[in-house]
Amino acid sequence: MRAMDVMTTNVITVDPDTSVQALATLLSERAISGVPVVDRDNRLIGVVTEGDLLHRAETGTERRTERRRSRWHDVFGSDQEAARDYVKAHGRTVREIMTREVISVSDTTDLADIATLLETKRIKRVPVLRDGKLAGIVSRANLVRALAMTKSEPAIVADSDDHTIRAKLLAELEGQEWVHMWAADIIVRDRVVHLWFSDDRSEQERQGVRVAAENIPGVRAVEEHIVPAPIIPSF
């Protein structure tokens, strides 16, 4: 399986001129820990996370720095670090506080390579690019779900078959206003469509998605997985 088979495609993004306050509101209201930063052409130019908002002057959490080194090059390096901390604490826009050196993968990257990347880089998610533009995100949760519906023996099935089925189903559901599920909630393996629903979804919605999946050519079966609805903190 590849990134395109499991990635979340409806990615929440911000532009570099988004204010820090608007970013904080977005992360809080959507209960997410970070977002990609894209330009007008949807090209990835950075990533900003809740970690970039920890030490802010407004909340009195600005990092306190002390110069403890004596050698000139150590002092120079310490000054650079202090300057970066100051920008993180006082920057007004995403452009000023975002991380610019972003780790990313292509939509054809194997899941095994992505798993290794997440582990070695100690990151929770990685942006997926297609032709230089943001196409989606693969998170640790996506990989866990892919594992959840595999068999003990690896299946010998053309990836393109599963990918085509998933693409057709996503296209069918995209225009349906009654559908409230993410692309990451749909994974196809061995032509079996696996659907993840939170337990607050109605039976009517689940039945509608099942029918849509069953009508996709090549689908052998449809399996549902019910998970607890996410709890959005009230503070």
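In this predicted model, helix α6 spans residues 140-148 and has Asn142, Leu143 and Ala146 as buried residues. These three residues share one side of α6, because they cover an arc of only 95 degrees around the axis. Val144, Leu147 and Ala148 lie on the other side of α6 and are exposed. The buried residues of α6 pack against two helices, α1 (3-6) and α5 (111-121). They also pack against two strands, β5 (133-139) and β6.

Helix α5 can be described in the same terms. Its buried residues are Leu111, Ile114, Leu117 and Leu118. They sit on the same side of α5, since the arc they cover around the axis is only 115 degrees. Ala112, Glu119 and Thr120 are exposed on the other side of α5. The cover over the buried residues of α5 includes the helices α1 and α6. It also includes the strands β3 (105-106), β4 and β5. Just after α5 comes Arg122, with a positive phi of about 55 degrees.

Strand β6, one of the elements against which the buried residues of α6 pack, belongs to an open sheet. Three strands form this sheet, in the order β6-β7-β8. The pairing is mixed. Strands β6 (186-189) and β8 (221-227) stand at the edges, and each has a single partner strand, so one side of each is left without a neighbour in the sheet. From one strand to the next, the twist averages 25 degrees. Strands of a sheet pair through backbone hydrogen bonds, either parallel or antiparallel. Between β6 and β7 (residues 192-198) the sense is antiparallel, with four bridges. Val188 stands opposite Val193 of β7. Helix α8 (residues 203-214) packs on the sheet and touches β7 and β8. The direction of α8 makes about 150 degrees with that of β8.

A further feature is the second largest pocket. It holds about 430 Å³ of space. Its lining comprises 21 residues. Nearest the centre of the pocket lie Val47, Thr49, Ile123, Lys124 and Arg125. Three strands, β1 (34-38), β2 (44-49) and β4 (125-130), each supply at least two residues of the lining. Strand β4 thus appears in two settings: it contributes to the pocket lining, and it is among the elements covering the buried residues of α5.

How values were computed
Residues are numbered from 1 along each chain as its sequence is written. This is a predicted model: local features need pLDDT of at least 70, side-chain atom pairs count only at pLDDT 80 or more; totals for chains, interfaces and linings use all residues. Side-chain values use heavy atoms; hydrogens and water are left out. Two strands pair if DSSP finds at least two bridges between them. Axes are lines fitted to C-alpha atoms, for helices over the stretch in contact, and angles run from 0 to 180 degrees between N-to-C directions. Contact means heavy atoms within 4.5 Å. Buried means under 20% relative accessible area, exposed over 50%, partly exposed in between (1.4 Å probe, protein chains only). The arc is that of the directions from the helix axis to the C-beta atoms. On a 1 Å grid over the protein atoms alone, a cavity is a set of points where a 1.4 Å probe fits but cannot get out, and a pocket is an open set with protein on both sides within 12 Å along at least five of seven lines; lining residues have an atom within 4 Å of a point. Grid points are joined across faces, edges and corners, and a volume is the space filled by probe spheres set on the points.
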